[in-house]
Amino acid sequence: MSAKASVIKTVADALQSAEHFSIPYDHWILKKLMPSELVGEIRGLDFSAPELGGVSGKRELHNDQRSYFDEMNLQRHSAMTGIANAFQSPLMVRLLQDFFKADLDQTYLRIEYALDVTGFWLQPHTDLGVKRLTILHYIADQPNQSDLGTDIFNADKSWAKRTPFEPNTALAFVPGDSTYHGFQERPINGVRKSLIINYVTDEWRDRDQLAFPDKPVSAV
């Protein structure tokens with residue numbers, strides 16, 4: 001089975017067993033999201049975490065140091081290619097669109113390989129705007145990282161809960177007015193590794209971040 005087909009299968013299985021939570025907003029925990037061998041390959045890729053220089057709160061503050069499943073990296077790393085091809089495929093788009101009731105047709109695939117170190121934090125934000133779906137896929141690979149999950153906030157931005165940072169587990173939600181999430185500053189043992197998977201509209205300005213900048217996804 002190809003990497004693309006394997007990813008589609010594991011995502012489909014993860015959706016079947018997804019845990020749904022409605023408070024403080026609809027979100028899902030997806031387990032065993034991708035083939036374990038593929039996750040291991042991604043985990044082992046030689047990318048460096050941004051040097052924060054004491055500045056954090058928004059990822060875009062370090063745009064010049066961020067890593068993406070972009071055209072260049074897809075040519076270099078077969079594991080990235082397999083994942084990108086899977087999430088680009090009409091079958092995957094239909095699976096996600098039907099499950100989350102999100103309009104993904106004619107959006108663009110954007111996957112970031114996020115590498116976070118101590119000093120990193122994210123203020124509460126919703127992802128509402130050009131993002132149609134957010135999947136935060138955790139690639140924990142160090143001991144004592146279970147407390148590094150995403151912080152979820154109430155509509156008034158008060159803290160509500162924290163997702164467990166478990167290997168090959170993901171938080172997923174459809175961005176809306178109240179989908180506040182972030183990362184409260186706390187010590188990070190080693191590097192906090194995750195994939196940020198988004199489908200974004202044509203209004204996304206940083207086209208170089210997209211996996212296939214000239215090819216919107218199709219559900220048919």
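Which residue in S11 does Arg-110 stand opposite? I shall return to that point once the overall picture is in place. Please bear in mind throughout that this is a predicted model.

Let me begin with the protein as a whole. Its secondary structure comes to 5 helices and 11 strands. The radius of gyration is 16 Å, close to the 17 Å that the globule rule gives for 220 residues, so the protein is as compact as a globular protein of that length. The C-alpha trace spans about 40 × 35 × 35 Å along its principal axes. Of the 220 residues, 52% count as buried. Turning to contacts with a separation of 6 or more, 81% of them are accounted for by residues 24 or more positions apart.

A few words on the surface and the charges. The accessible surface comes to about 10200 Å², and carbon and sulfur atoms hold 49% of that area. The protein has 23 positive and 29 negative charges, and the mean positions of the two sets are 3 Å apart.

I now turn to the strands. Seven of them form an open sheet with antiparallel pairing, in the order S1-S2-S9-S6-S11-S4-S3. At its edges are strand S1, residues 19–21, and strand S3, residues 67–68, each of which pairs on one side only. Within this sheet, strand S4 (residues 108–116) and strand S11 (residues 192–200) run antiparallel and are joined by 9 bridges. Here we can settle the opening question: the residue in S11 that stands opposite Arg-110 is Asn-198.

Next, helix H4. Of its 11 residues, 78–88, 8 are buried, so this helix is largely enclosed by the rest of the structure. Among the buried residues are Ala-79, Met-80, Ile-83 and Phe-87. As a general reminder, an α-helix has 3.6 residues a turn, so residues three or four places apart point the same way.

Finally, I would draw attention to one loop residue. Asn-168 lies in the loop between strand S8 (159–162) and strand S9 (169–173). Is Asn-168 buried or exposed? Its relative accessibility is 11%, below the 20% cut-off, and therefore Asn-168 counts as buried. Leaving aside residues up to four places away in sequence, Asn-168 touches Leu-30, Lys-31, Lys-32, Leu-33 and Met-34, together with Val-39, His-137 and Tyr-138. By contrast, Glu-203 lies 35 residues from Asn-168 in sequence and 30 Å from it in space, taken from C-alpha to C-alpha.

That concludes my presentation. Thank you for your attention.

Key: Residues numbered from 1 in each chain as written. Predicted model: local features only at pLDDT ≥ 70, side-chain atom pairs only at ≥ 80, totals over all residues. Heavy atoms only, no water. Buried < 20%, exposed > 50% of the residue type's maximum accessible area, 1.4 Å probe, protein only. Helix = DSSP H or I, 4+ residues; strand = E, 2+ residues; numbered from the N terminus. Rg over C-alpha atoms; globule rule 2.2 N^0.38 Å. Contact = heavy atoms within 4.5 Å. Areas by Shrake-Rupley, 256 points an atom, 1.4 Å probe, with all protein chains shown as cover. Lys, Arg positive; Asp, Glu negative; His and termini not counted. Charge placed at Lys NZ, Arg CZ, Asp CG, Glu CD. Pairing = 2+ DSSP bridges.
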